[in-house]
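Student: Could you take me through one part of this model up close? I'd like to see how a single piece is built and then how the rest sits around it.

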Amino acid sequence: MMHPIEAHDTRPLEEIDSADPALLQDPYAYFARLRSEAPVFRDPKTGVVAVSSYELVQEVMRKPKEFSSNIALMLKSGGIGKFDPEEKAIMDQGLPWIDTMLTADPPRHSQYKRLAMAAFTPNRVNAMAGYIGEVVDSLIDQFASRGHVELKAEFADLVPAIVTADLLGLPREDIPQFRIWLAGALTRLAGGASREQRIDAARKEIELQQYFIAQFARRRQQPADDVLSVLVNGSYEQDGAARPLDDAELMGMTHQIFVAGQETTAHALTYAVYQIVKQPGLQHRMVAEPELVTKLIEESLRHLSPVNNGWRVAAADVALGGVAIRAGEPIFLRFGAANRDAARFDNPEAFDLERANAREHLAFGGGIHTCLGMVLARKEMALALPKLFARLPSLRLAPGHEAFRVKPSPLLRGAAELQLEFEPQ
């Protein structure tokens with residue numbers, strides 16, 4: 001098995017398996033070599049073109065006509081570009097995939113995103129502040145007297161899960177089932193899964209679709225004050241006339257909100273806590289200097305990059321960074337590498353709460369595909385972190401769990417768990 005490469009490693013980049021689980025634990029020396037030696041790197045084993053420098057990743061995101069987001073096949077297949085026959089047979093039983101936001105180009109993308117933005121208005125998000133605080137307190141109440149917690153599963157996962165369910169207008173008692181469906185969706189998207197795992201994930205996908213189809217029907221009959229009702233009763237302009245969205249379109253949009261709004265926020269929240277509790281005195285500063293929380297959020301997003309990589313496909317023959325790319329070639333945007341580019345961020349490997357330009361990170365993507373839920377994600381973190389630090393002032397890493405171990409994934413980056421101890425409250 002390949003191991004994480006060190007700064008002095010001289011093996012050719014072509015010989016390194018970038019998806020090796022050992023390398024995924026600590027990919028930053030590899031990222032540095034990519035930026036230095038081949039910021040646009042065509043992997044001879046896969047044919048995928050990886051883009052690693054901040055400047056070039058930004059260039060791709062600014063040019064949707066040249067670098068298309070018509071990436072549904074790569075995304076749904078976890079980067080394989082094809083499906084197992086049994087997996088495909090299962091998926092064919094469900095709704096057809098409709099390119100809406102993440103996998104659509106203008107003008108189609110613009111219409112769907114406009115509909116979604118009507119549901120995620122700043123007023124709606126800002127009005128949730130008190131309610132999100134109540135969710136956070138209720139979760140802390142469940143383990144505060146215990147003196148220990150696995151923070152990822154018992155807190156970071158549940159804050160966005162509850163908020164997402166409530167936003168969509170779904171019963172909280174269904175959240176345990178949502179977590180099962182979410183795990184299946186992430187298995188399909190992230191890559192590296194076995195055939196059996198992908199087939200099981202396909203079955204879970206059909207279950208998820210059936211659940212939401214019933215929810216769509218209910219909102220058509222009885223609209224409520226929730227995001228699902230806004231989407232179900234919205235309209236799409238086509239050939240000069242407005243029409244309602246069908247179930248496949250609604251599923252495409254809802255699936256993105258359901259998946260993207262949970263795991264990435266949970267990863268960022270867990271990482272922010274990890275960075276604070278491992279450094280003596282920082283937790284006290286977070287309580288005494290509330291303005292530091294905003295800096296903590298942005299630097300955590302930059303340093304971790306929960307969406308570590310993203311897909312595009314060349315819409316035509318094009319040159320990028322002096323490298324010729326052919327129409328149809330898949331492109332891998334390495335956000336995690338770009339966010340540690342010394343050309344943009346001084347001393348980029350350091351976690352620096354005083355970094356002046358941390359907010360320039362690309363953790364939420366960029367261009368027309370800037371993350372729809374970034375305002376909500378920042379709001380959840382801004383409310384959750386101060387409460388956690390204030391209510392549990394003695395948070396510390398549990399013995400034997402000092403290292404930050406990630407859940408290996410070519411697409412996402414985040415902790416598998418975070419075991420903490422504290423004085424019972």
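Tutor: β7 and strand β10 (residues 330–333) pair in the antiparallel sense, with four bridges between them. One of the facing pairs is Arg312 in β7, which stands opposite Ile331 in β10. Keep in mind that this is a predicted model.

Now look at the other partner of β7. Two bridges join β7 to β3, and these two strands also run antiparallel. Here Phe67 stands opposite Ala314 of β7. That gives β7 a place in an open sheet of five strands, in the order β1-β2-β10-β7-β3, with mixed pairing. At the edges you find β1 (40–42) and β3 (67–68), each with a single partner strand, so one side of each is left without a neighbour in the sheet.

Next, follow the side chains. In a regular strand they alternate between the two faces of the sheet. In β7, Gly310, Arg312 and Ala314 point one way, while Trp311 and Val313 point the other way. Are these residues buried or exposed? They are all buried. Put another way, five of the five residues of β7 (residues 310–314) are buried, so the strand is largely enclosed by the rest of the structure.

Let's walk to the β1 end of the sheet. β1 pairs with strand β2 (residues 49–51) in the antiparallel sense, over three bridges. Val40 has Val51 in β2 as its bridge partner. β1 also turns up in another role, as part of the cover over the buried residues of α2. That cover includes α1 (21–25), α17 (292–304) and α18 (335–338) as well. The buried residues in question, in helix α2 (residues 28–37), are Tyr28, Tyr30, Phe31, Arg33, Leu34 and Arg35.

For a contrast, hop over to helix α19 (residues 374–391), where you'll find Val375. Val375 has 41% relative accessibility, so it counts as partly exposed. Its C-alpha atom is 8.8 Å from that of Phe120, although the two residues are 255 apart along the chain. Glu380 lies in helix α19 too, but its relative accessibility is 2%, so Glu380 counts as buried. What does Glu380 touch, leaving aside its neighbours within four places in sequence? It is in contact with Ile132, Val159, Pro160, Val163 and Thr265. Compare that with Glu421: it is 41 residues from Glu380 along the chain, and their C-alpha atoms are separated by 23 Å.

Finally, zoom out. The chain has 19 helices and 12 strands. Its radius of gyration is 21 Å, close to the 22 Å that the globule rule gives for 425 residues, so the chain is as compact as a globular protein of that length. Buried residues make up 53% of the 425 residues. And of the contacts with a separation of 6 or more, 71% are between residues 24 or more positions apart.

Technical notes
Residues numbered from 1 in each chain as written. Predicted model: local features only at pLDDT ≥ 70, side-chain atom pairs only at ≥ 80, totals over all residues. Heavy atoms only, no water. Rg over C-alpha atoms; globule rule 2.2 N^0.38 Å. Buried < 20%, exposed > 50% of the residue type's maximum accessible area, 1.4 Å probe, protein only. Contact = heavy atoms within 4.5 Å. Pairing = 2+ DSSP bridges.
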